Every structure is written in C-alpha cells, then in structure tokens.
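Subject: Structure handover

Hello,

Here is the structure I said I would pass on. My notes on it follow below the model.

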Amino acid sequence: VSWVRQRDLHILTVGSYTYTSDQRFKSLHLDGKTDWTLKIQYTQKHDAGIYECQVSTEPKMNLSIKLNVVVAKATIPGGPNMYIQSGGTFNLTCIITDSTSPPTYVFWYHDGRMINYDTTRGISVITNKGSKSVSTLRIENASSSHSGNYSCTPSYADPANITVHVLNGENPAAMHHGGKANQSERCFHMNFQFLLLVMLQLAASEIAR
C-alpha cells in the first residue's frame with residue numbers, strides 16, 4: 001500500500017517505509033490489520049490537497065482523499081499601535097478563532113524574543129483554551145525598554161502583531177497626528193506665499209500703467 005500526493009505525484013510512503021525527506025509524514029499499520037493510515041504531524045497550510053492511497057493488486061486499486069486544512073486566526077485588538085504612559089500597567093490580549101482544537105501553546109515575543117517566562121521583568125501570561133482561546137500578556141511598571149513589536153504566536157495559527165509605544169510624558173495624540181499637522185502648516189505657508197506673489201505682480205502692473 002502506497003500513499004501519493006497528487007499535486008506533485010510524490011510518493012510519500014510505501015508499506016511502512018517513508019519515501020520523503022519530510023519526516024512529518026508516516027505510514028501507520030498494525031500486523032494482521034487491513035488499515036493503512038497516513039499520518040501528517042504539525043499540519044501546515046500547504047499540506048491541503050488530494051492524497052491517493054494505491055494498492056498494488058492486479059488490477060491496481062486506488063482511493064483519493066481530499067485534505068482540507070483549516071487555518072486558525074490570531075488577532076490582537078487595539079492595534080496596530082498602542083500608546084502607554086511610563087510606569088503604568090498594560091495588557092495585550094490575543095484571540096484565537098477558527099481553530100478545530102485549542103492551541104497546544106501560545107508564545108508571546110517582544111522584538112523576536114520569547115517572553116512568556118520573564119517574570120522578573122513584571123511579565124505574566126494567562127491562556128484560557130476553548131473553542132475561542134484567549135491569551136493575555138500583562139506587563140507591570142512599563143518603561144521605555146518595553147516599547148517595540150509584540151507578537152502572539154499560537155500553534156496552528158499565523159502570528160498577530162502590535163507595536164507598543166511607552167511614553168514619558170509625551171502626548172500620544174500629537175505623536176499620532178503630528179505628521180498631518182505639519183503637512184497642513186506647510187500647505188498654509190505655500191498658499192500664503194503664492195497669494196503674496198500674485199498681489200505683488202498686480203501691484204507692479206498698476207505701477208507700470
């Protein structure tokens with residue numbers, strides 16, 4: 001009994017032997033039984049497709065099975081930016097939906113470094129698993145060192161990201177809208193200069209007459 005992946009006609013297993021370098025694939029069979037099972041560990045999105053079970057009888061028998069991979073979603077409400085005053089406490093909440101089963105783990109990263117167990121830095125993580133799993137990252141006594149990109153990375157789901165800005169007395173509204181304010185000010189000065197130039201040209205024309 002062989003298992004073949006249809007999209008590239010790659011032979012995955014023959015009998016109990018695996019014929020692919022991807023060790024996530026394995027053939028399961030018990031002596032004396034007629035069941036041959038293809039096991040795929042740590043399923044990924046690109047594993048979706050048609051798989052064919054082939055039996056080397058004469059004539060050959062085969063059975064095609066379509067594998068659909070459900071992609072779980074992770075979101076962090078309040079993004080993509082969050083502004084926090086220095087010295088305060090803030091929570092980041094990661095919500096995992098569309099999962100066929102609760103995630104095996106939920107890891108939190110700060111600028112690429114896992115921080116689930118950084119209790120000495122005032123960091124704690126609480127994860128409640130269910131049909132909709134929720135993981136909460138809590139950081140106390142926020143400082144500038146806590147600024148940066150945070151990502152929630154569950155098993156079986158793409159990570160969700162948010163950028164945290166820890167402020168030392170700055171006005172977050174001014175930071176967020178400062179670019180627009182400066183742009184409006186520049187436009188005002190340009191329009192004023194243009195109007196002044198037109199008035200000078202009109203005055204010169206009157207003098208010439």
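The chain has an accessible surface of about 13900 Å², and 56% of that surface belongs to carbon and sulfur atoms. Accessible areas come from the Shrake-Rupley method with a 1.4 Å probe, and for residues only the protein chains shown count as cover.

Some ground rules before the details. This is a predicted model, in which local features need pLDDT of at least 70 and side-chain atom pairs count only at pLDDT 80 or more, while totals for chains, interfaces and linings use all residues. Residues are numbered from 1 along each chain as its sequence is written, and side-chain values use heavy atoms, with hydrogens and water left out.

Overall make-up

The chain holds 1 helix and 16 strands; these are DSSP runs numbered from the N terminus, with helices being H or I of at least four residues and strands being E of at least two. Of its 209 residues, 25% count as buried (buried means under 20% relative accessible area, exposed over 50%, partly exposed in between, with a 1.4 Å probe and protein chains only). Taking contacts between residues at least 6 apart in sequence, 52% join residues at least 24 apart; a contact means heavy atoms within 4.5 Å.

The five-stranded sheet

One open sheet has 5 strands in the order β9-β16-β15-β11-β12, with mixed pairing. β9 and β12 (113-114) stand at its edges with a single partner strand each, so one side of each is left without a neighbour in the sheet. Two strands are said to pair if DSSP finds at least two bridges between them.

Going through the pairs, β9 and β16 (residues 160-167) are parallel over 5 bridges, and Ile-84 has Val-166 in β16 as its bridge partner. β15 (residues 148-154) and β16 run antiparallel, joined by 5 bridges; here Tyr-150 is partnered with Ile-162 in β16. β15 and β16 also form a hairpin with 5 residues between them, and Tyr-156 in the turn has a positive phi of about 65°. At the β12 edge, β11 (residues 106-110) pairs with β12 in the antiparallel sense over 2 bridges, with Met-114 in β12 as the bridge partner of Tyr-109.

Asn-81 lies in β9 (residues 81-85). Asn-81 is partly exposed, at a relative accessible area of 31%. Its C-alpha atom is separated by 4.8 Å from that of Thr-163, although the two residues are 82 apart along the chain. Beyond its neighbours within four places in sequence, Asn-81 is in contact with Ile-162, Thr-163 and His-165. With His-165 there is a side-chain to side-chain polar contact of 2.9 Å. A polar contact is a pair of N or O atoms within 3.5 Å; within protein, one must be able to donate a hydrogen and the other to accept it, and residues adjacent in sequence count only if both atoms are side-chain atoms.

Another set of strands

β1 (residues 2-5) and β6 (residues 49-55) pair in the antiparallel sense over 4 bridges. β6 also pairs antiparallel with β7 (residues 61-67), over 7 bridges, and a hairpin joins β6 to β7 through 5 residues.

Cores and the disulfide

The largest nonpolar core has 23 residues, and those with the most contacts inside it are Phe-90, Leu-92, Trp-108, Leu-137, Tyr-150 and Val-164. β9, β10 (90-97), β11, β14, β15 and β16 each supply at least two residues of this core. Apart from it lies another core of 7 residues, including Leu-12, Phe-25, Leu-38 and Cys-53. A nonpolar core is a set of buried Ala, Val, Leu, Ile, Met, Phe, Trp, Tyr and Cys residues joined through side-chain atoms within 4.5 Å.

Ser-135, in β14 (residues 133-139), is buried at a relative accessible area of 0%. The side chains of Ser-135 and Trp-108 make a polar contact of 3.0 Å.

The structure holds 1 disulfide (a pair of cysteine sulfur atoms within 2.5 Å). This disulfide joins Cys-94 to Cys-152, with S to S at 2.0 Å. Cys-94 lies in β10 and Cys-152 in β15, so the pair ties together parts that are 58 residues apart in sequence. Cys-94 is buried at 0% relative accessibility, and Cys-152 is buried with a relative accessible area of 0%.

Regards
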